[in-house]
Amino acid sequence: PSCFGYPLSIFFIVINEFCERFSYYGMRAVLVLYFKYFLQWDDNLSTAIYHTFVALCYLTPILGALIADSWLGKFKTIVSLSIVYTIGQAVMSVSSINDLTDHNRDGSPDSIPVHIALSMIGLILIALGTGGIKPCVSAFGGDQFEEDQDKQRSRFFSIFYLSINAGSLLSTIITPILRAQECGIHSKQRCYPLAFGVPAALMAISLVVFVIGSGMYKKVKPQGNIMVQVSKCIGFAIKNRFRHRSKEFPKREHWLDWASEKYDKRLIAQTKMVLKVLFLYIPLPMFWALFDQQGSRWTLQATTMDGNFGAIQIQPDQMQTVNPILIIVMVPVVDAVIYPLIKKCKINFTPLRKITVGMFLASLAFVAAALVQVQIDKTLPVFPAAGQSQMKIINLGTDNVTIKFEQQAGQVNIMPLDSTGYMTFDSSRLQSLNITYGNNSETTNILLTEGKRHTLGVKNDVKAIAVNLLLDNTTSKPEEGNNLIRFINNLPDRVNVTMGGTSFGNLLSLSVSNYELFPGGRKDKITVTRNSVTCSTTSKAFGFGSANTIIINECSGGEQNVTYSEDIPPNTVHMAWQIPQYFILTCAEVVFSVTGLEFSYSQAPSNMKAVLQAGWLLTVAVGNIIVLIVAGASKLSQQWAEYVLFAGLLLAVCIIFAVMAYFYTYVDPNEVEAQLDEEEKQQAKKDPGISEKQAEADSQM
């Protein structure tokens with residue numbers, strides 16, 4: 001059955017691919033934040049495990065291709081590995097259910113190892129599934145066409161690539177929205193089970209759709225794997241060359257010619273072409289090392305930025321959508337506009353030059369990321385190091401106050417209801433302060449806890465000076481653009497405070513509440529009850545990622561007076577500043593990734609495509625392993641420095657590649673094949689027996 005001149009079975013395959021990519025990219029989009037916020041890993045561990053997972057996803061395709069070609073055939077491989085995949089997604093979803101181990105119902109899992117174990121099992125199954133299917137689905141689609149349908153077949157591959165990007169685009173938008181919801185049985189949490197559950201459901205749909213089309217597919221029997229033959233041929237050549245290493249044996253033109261005792265000329269010629277291309281692949285992993293950090297480092301960078309786009313509030317993991325949106329726009333633009341323009345300028349923009357330009361652009365993108373990071377670092381708070389403490393002083397009184405630090409020279413003057421920033425002291429050396437209001441002066445002893453921040457409230461009463469030293473339990477900037485809010489009661493009586501839907505309980509005079517988390521970018525109603533009289537006001541908008549202390553003052557005519565003191569400044573660098581680096585990296589991807597595979601296929605015989613595809617995916621896997629090694633080995637404490645390091649490494653590799661490309665001579669596999677055919681015909685005339693052997697050898701390939 002056919003439809004628009006295409007086999008009907010194609011539509012099942014395209015829908016299957018769309019769902020599978022939606023499932024994969026959706027899960028991957030929220031993965032690094034799941035590690036960081038749910039499993040409570042630090043940035044480095046989250047990045048490391050993320051890249052290990054991506055590397056696995058690109059190593060397993062080689063396994064998938066072997067299983068399909070040598071044993072199960074493509075159809076059975078796709079079905080059986082999709083089942084594994086669906087189970088993996090489901091396990092992942094279960095692993096993120098907070099209530100699974102949260103027995104005391106405090107909103108965080110009691111036994112994190114259970115969640116870690118489950119999610120690791122889930123990720124391994126997903127890596128097996130997605131990797132195993134990857135090489136089979138597109139090839140299986142290609143199998144559905146007849147020999148004379150070349151035009152439809154190439155159009156199918158374009159539609160196929162679009163469905164991949166459409167799937168990844170939609171899921172990168174939708175999954176983070178699901179993650180940002182609040183859900184849970186006993187306590188409200190970020191909704192990771194939903195963010196992983198929807199991809200799991202889509203994977204199940206993908207499997208069902210694929211099986212429904214079963215009757216319509218053209219199923220080609222497994223014909224043995226070309227990779228196995230190529231590897232055997234190379235292995236034999238090396239062994240044979242080693243056996244004949246003494247001087248008396250004549251040299252051969254190419255080391256692969258040492259395989260000619262056992263393998264026919266055609267396989268050797270084809271293997272030479274493949275190895276020539278694979279040699280060029282050696283520098284390519286460095287590109288992927290940078291490219292795949294969009295999902296790890298760049299997403300973590302976005303968590304420290306301001307995501308307020310006017311009407312909509314962007315989640316940090318949604319910034320990754322810039323990539324698929326741009327791809328969908330850029331691929332046609334580059335093909336239809338940019339390449340023809342370059343051609344008009346009489347520049348010969350060969351595939352290898354395109355790949356070199358792609359590498360150069362990717363290293364530029366990381367320079368851009370480093371520049372953004374430098375701006376972000378300026379806004380990040382500095383916390384006390386070992387042996388140090390920090391203290392900010394709030395003047396809760398009605399007059400100016402002067403505070404002298406004993407043992408550590410220096411003093412500060414503070415206006416009424418004003419505060420200093422955090423000042424850093426050696427914990428052991430600062431032991432007492434001299435506080436002066438007008439003529440009234442007194443000295444108090446204080447004890448600072450090492451490595452912590454403190455707030456000192458001072459107030460001039462009629463009789464004496466009230467001093468209250470409070471320990472701040474913040475050790476980092478609030479995550480995900482949330483704000484931390486706490487209250488100081490500057491009234492003589494006890495008060496009850498609520499803000500938004502959160503109650504801060506009863507506060508004694510001059511005491512401070514704990515910090516509570518509030519979502520960023522909104523204003524909340526503050527209600528204060530004192531001796532059964534209630535006053536209220538609306539807070540100011542706090543931006544994203546700040547910590548604030550709100551001082552409760554007297555109430556006038558039902559309107560509560562409050563004063564704000566900022567403990568940690570909000571994220572001020574806007575997420576839109578990430579767009580340039582995404583744009584440059586997407587341009588790099590368009591000239592690098594699309595060209596790379598096309599070039600590979602044009603430089604090797606058609607039956608060797610599987611070997612090249614495996615090689616190409618291997619470069620992606622190795623790239624992700626490079627991230628692990630570089631990020632682990634470089635003990636760079638500054639994130640911007642790590643970006644610059646990666647940019648520098650890729651630039652160096654880019655120069656090496658340019659040199660390799662300069663010495664590369666393009667071949668036309670069809671000519672080589674024709675030449676071999678010609679030689680065989682000549683041979684057959686001389687010796688009719690050979691051609692039968694040859695035919696037999698060909699049928700085995």
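What follows is a chat in which a visitor asks a guide about the structure shown above.

Visitor: Before we start, what kind of model is this?
Guide: This is a predicted model, in which local features need pLDDT of at least 70 and side-chain atom pairs count only at pLDDT 80 or more, while totals for chains, interfaces and linings use all residues. Residues are numbered from 1 along each chain as its sequence is written, and side-chain values use heavy atoms, with hydrogens and water left out.

Visitor: Okay, helices then. At what angle do helix 1 and helix 5 pack?
Guide: Helix 1, residues 9-38, and helix 5, residues 192-212, pack at an angle of about 160 degrees, and their axes are 8 Å apart. Helices here are DSSP runs of H or I with at least four residues, strands are runs of E with at least two, and both are numbered from the N terminus. The axes are lines fitted to C-alpha atoms, for helices over the stretch in contact, with angles from 0 to 180 degrees between N-to-C directions.

Visitor: So are they roughly parallel or roughly antiparallel?
Guide: That angle makes helix 1 roughly antiparallel to helix 5, since angles under 35 degrees count as roughly parallel, over 145 as roughly antiparallel, 65 to 115 as roughly perpendicular and the rest as oblique.

Visitor: And is the crossing left-handed or right-handed?
Guide: The crossing of helix 1 and helix 5 is left-handed, a term for a near helix turned anticlockwise from the far one by less than a right angle, with clockwise giving right-handed.

Visitor: What sort of residues make up that contact?
Guide: The contact of helix 1 with helix 5 involves 23 nonpolar residues, four polar and one charged. Here Ala, Val, Leu, Ile, Met, Phe, Trp, Tyr, Cys and Pro count as nonpolar, Asp, Glu, Lys and Arg as charged, and the others, Gly among them, as polar.

Visitor: Switching topic: how is the sheet with strands 10, 7, 13 and 14 paired?
Guide: Its four strands form an open sheet in the order 10-7-13-14 with mixed pairing, where two strands pair if DSSP finds at least two bridges between them. Strand 10 (423-426) and strand 14 (465-472) are the edge strands, each pairing on one side only, and the twist from one strand to the next averages 30 degrees.

Visitor: How many bridges join strand 13 to strand 14?
Guide: Eight bridges join strand 13, residues 453-460, to strand 14, and the two run antiparallel; within this pair, Leu456 stands opposite Leu469 in strand 14.

Visitor: What about the sheet ordered 9-8-11-12?
Guide: That is also an open sheet of four strands, with antiparallel pairing, and its edge strands are strand 9 (411-414) and strand 12 (440-445). Its neighbouring strands are turned by 20 degrees against each other on average, direction ignored.

Visitor: Which residue stands opposite Thr402?
Guide: Thr402 faces Asn413 in strand 9, and four bridges join that strand to strand 8, residues 401-405.

Visitor: Let's move on to strand 19; which residue in strand 20 is the bridge partner of Val528?
Guide: The partner of Val528 in strand 20 is Cys535, and strand 19 and strand 20 (residues 533-538) pair in the antiparallel sense over six bridges. Strand 19, residues 525-530, also pairs with strand 16, residues 495-499, in the antiparallel sense over five bridges, and there Val497 stands opposite Val528.

Visitor: What does Asn531 do in that hairpin?
Guide: The hairpin of strand 19 and strand 20 has two residues between the strands, and Asn531 takes a positive phi near 50 degrees. Ser532, in the loop between those strands, has a positive phi near 60 degrees. For background, most residues other than glycine have a negative phi.

Visitor: Last one: how much space lies in the second largest pocket?
Guide: It holds about 1000 Å³, and of the 35 residues lining the second largest pocket, the closest to its centre are Arg190, Glu479, Glu480, Asn482 and Leu517. On a 1 Å grid over the protein atoms alone, a pocket is an open set of points with protein on both sides within 12 Å along at least five of seven lines, a cavity is a set where a 1.4 Å probe fits but cannot get out, and lining residues have an atom within 4 Å of a point. Grid points are joined across faces, edges and corners, and a volume is the space filled by probe spheres set on the points.

Visitor: Which helix gives the most to that lining?
Guide: Helix 1 gives the most to the lining of the second largest pocket, with three residues, and by class this lining has 12 nonpolar, 13 polar and 10 charged residues.
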